[in-house]
Amino acid sequence: MAKPIVLIAEELSPATLEALGPDFEVRNVDGTDRKTLLEALATANAILIRSATQVDAEAIAAAPNLKVIARAGVGLDNVDIKAATSAGVMVVNAPTSNVISAAELAIAHIFSLARFIPDANASLKAGKWQRSKFTGVELYEKTIGIVGLGRIGSLVAERLKGFGTTLIGYDPYVTASRAEQMGVELVTLPELMKRSDFITIHIPKTAETTGMISTEQFAMAKDSLRIVNASRGGIIDEAALYEALKSKQIAGAGLDVFVNEPPTDSPLLTLENIVVTPHLGASTDEAQEKAGISVARSVRLALAGDLVPDAVNVAGGVIDASVKPGIALMENMGQLLFGISGGNVTSIDVEVRGEIAVHDVSVLKLAGLKGFYQNAVTEQVSYVNAPLLAQARGVEVKLSVDSLSEEYRNVTTIKATLADGSSASVSGTVIGPKLHQKIVNINGYDVELAMAEHFVMMVYTDRPGIVAVYGKAFAENNINIAGMQIARNSKGGKALSVITVDSQVSPKVLEEVRVAIDAEALKAIDLKLE
């Protein structure tokens, strides 16, 4: 029997090939040579890449036997995940391979800023001896603010404790008890900005976090503040940072990431009080080797038909056909629950009811967690690290099953208990031969909603005229309403309105509507549909 064909499209470590083992026919191809790549893909069962090879819809269409695309690293910008999913091709990466390297780079930036190491090095090599010019500061007894206390942020905290620092942190998705276990005092972002001598950022880039640290935040800071971003470009407003550094409003900054990479024309590069590196977070021998070994193991599992924990688009493994349609539904419901709850939760419960309850449905719990944490952390969320992300945040996770479902053949629910004791929940089902995803309950209100990219959810006192108010506001701001569901707990009681819109709604418009209808709650929730 012929061995499965595995393409190696970029240079990988010898350990990667060892991890693959002897069960495959390994072929090497230059992933940047498009014609050669497409020809080689015609017979390939798997392909291992780094960042240079573009595996887009055309490449996937040229590979009828392809089962798995493996990226030896974290980012997946060069893989068309949607096209791969449509073709039934698994996409895997190495989400935890660079966490130590990224944490250590952030600390290296902190030390570089504290002791002027890059400038002093350049000065001495230029033949100058300027000891007084490079008088730095100690980390001892300084207050260091950590924005984001996930895998990387917690590693940074663990390492900085040894320097006699006071650690404070901002992370709306971590409980105070979990932060206390890390030795970090949980504070608001304004308090962190005011108190910190150093700040280091470890959060994902989302609509909410883009430009999160800008002119207003720098105005709160000490003039001795040194800030580091080795996370994602754009979390710090680069124009505001330039002004803060140029005017000496803050003392210094260290950047490994930028809005545009390479940042060729960035005025930040003209400043003396900034240390920059070219996105080196994962650039260590150890991280590259870990990544290669990790994806090689995933390829072995995928081609053997086993469950692949690091798959980012499909779970793989032996999953009953009746359970599989619920995987994408649960990922989307997890995202929706995150948007509804705000993410600061103490427990998550997944409930599966109906005919599929007789099968192994544990993958649905993993899918719900994967969706929930998708926008909460910097690392790529997978079926293996989603439970670890919950555990790291002190979140208890449970799965319950029941073969009885009164209204639908199958219905799944994901429920979160929030830190303040309140709860939020989403229930959904898959219906019809085309397996349409439907939301059937939100926070106890019965609804019937098709899954969509953009929702606006509001809770208000039931009374006439409300629809006209927000309909007018959306129309004036060129926001098209594609669908609407209104549910209430009693006549004149609380009403839930869930609106499907064709585009994102700005915070300004949301606030206008909230005030106009005196809403108890009103938020926009944007999903990346699976």
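**Close-up 1. The end of helix H17 and the residue that follows it in the predicted model.** Just after H17, Asp 518 adopts a positive phi of about 55 degrees. Within the helix itself, which spans residues 507-517, the side chains of Val 509, Leu 510, Val 513 and Ile 517 are buried. These four cover an arc of only 100 degrees around the axis, and they therefore lie on the same side of H17. The opposite face, turned away from the buried side, carries Pro 507, Lys 508 and Val 515, which are exposed. The cover over the buried residues of H17 includes strand S19 (454-461), helix H16 (466-476) and strand S22 (521-526).

**Close-up 2. Salt bridges within and beside helix H17.** Arg 514 and Glu 511 form a salt bridge in which the closest N and O atoms are 2.7 Å apart. Because the two residues are three positions apart in helix H17, about one helical turn separates Arg 514 from Glu 511. Both ends of this pair are partly exposed, Arg 514 at 32% relative accessibility and Glu 511 with a relative accessible area of 38%. A further salt bridge joins the side chains of Glu 520 and Lys 494, at 2.9 Å from N to O. This pair links distant parts of the chain, since Glu 520 belongs to the loop between H17 and S22 while Lys 494 belongs to strand S21 (residues 494-501), 26 residues apart. Glu 520 is exposed, with a relative accessible area of 55%, whereas Lys 494, at 31% relative accessibility, counts as partly exposed.

**Close-up 3. Other salt bridges of the structure.** Searching the whole structure gives 19 salt bridges. One of them pairs Arg 159 with Glu 158, with 3.8 Å between the closest N and O atoms, and Arg 159 counts as partly exposed at 27% relative accessibility. Elsewhere, Arg 34, Asp 56 and Glu 58 are linked in a network of salt bridges.

**Close-up 4. Strand S9 and its parallel partners S6 and S10.** Along strand S9 (residues 198-201), Phe 198 and Thr 200 point one way and Ile 199 and Ile 201 the other way, yet all of them are buried. Strand S6 (residues 143-147) runs parallel to S9 and is joined to it by four bridges, with Ile 146 standing opposite Thr 200. Four bridges also join S9 to strand S10 (residues 226-229), again in parallel, and here the bridge partner of Thr 200 is Val 228. Together with helix H10 (residues 215-220), strands S9 and S10 make a right-handed β-α-β unit.

**Close-up 5. The six-stranded open sheet and helix H13.** Six strands, in the order S14-S13-S15-S16-S17-S18, form an open sheet in which the pairing is mixed. Strand S14 (396-402) and strand S18 (445-450) stand at the edges with a single partner strand each, so one side of each has no neighbour in the sheet. From one strand to the next, the twist averages 20 degrees. At one of these edges, strand S18 is joined by four bridges to strand S17 (residues 436-442), and the two run antiparallel; Ile 439 stands opposite Leu 449 of S18. Helix H13 (residues 325-341) lies across strand S13 (345-354), strand S15 (410-418), strand S16 (423-431) and S17, and runs at about 155 degrees to S16.

Key:
Residues are numbered from 1 along each chain as its sequence is written. This is a predicted model: local features need pLDDT of at least 70, side-chain atom pairs count only at pLDDT 80 or more; totals for chains, interfaces and linings use all residues. Side-chain values use heavy atoms; hydrogens and water are left out. Buried means under 20% relative accessible area, exposed over 50%, partly exposed in between (1.4 Å probe, protein chains only). Two strands pair if DSSP finds at least two bridges between them. A crossover is right-handed if, with the strands pointing away from the viewer, the path from the first strand over the helix to the second runs clockwise. The arc is that of the directions from the helix axis to the C-beta atoms. Contact means heavy atoms within 4.5 Å. A salt bridge is a side-chain nitrogen of Lys or Arg within 4 Å of a carboxyl oxygen of Asp or Glu. Axes are lines fitted to C-alpha atoms, for helices over the stretch in contact, and angles run from 0 to 180 degrees between N-to-C directions.
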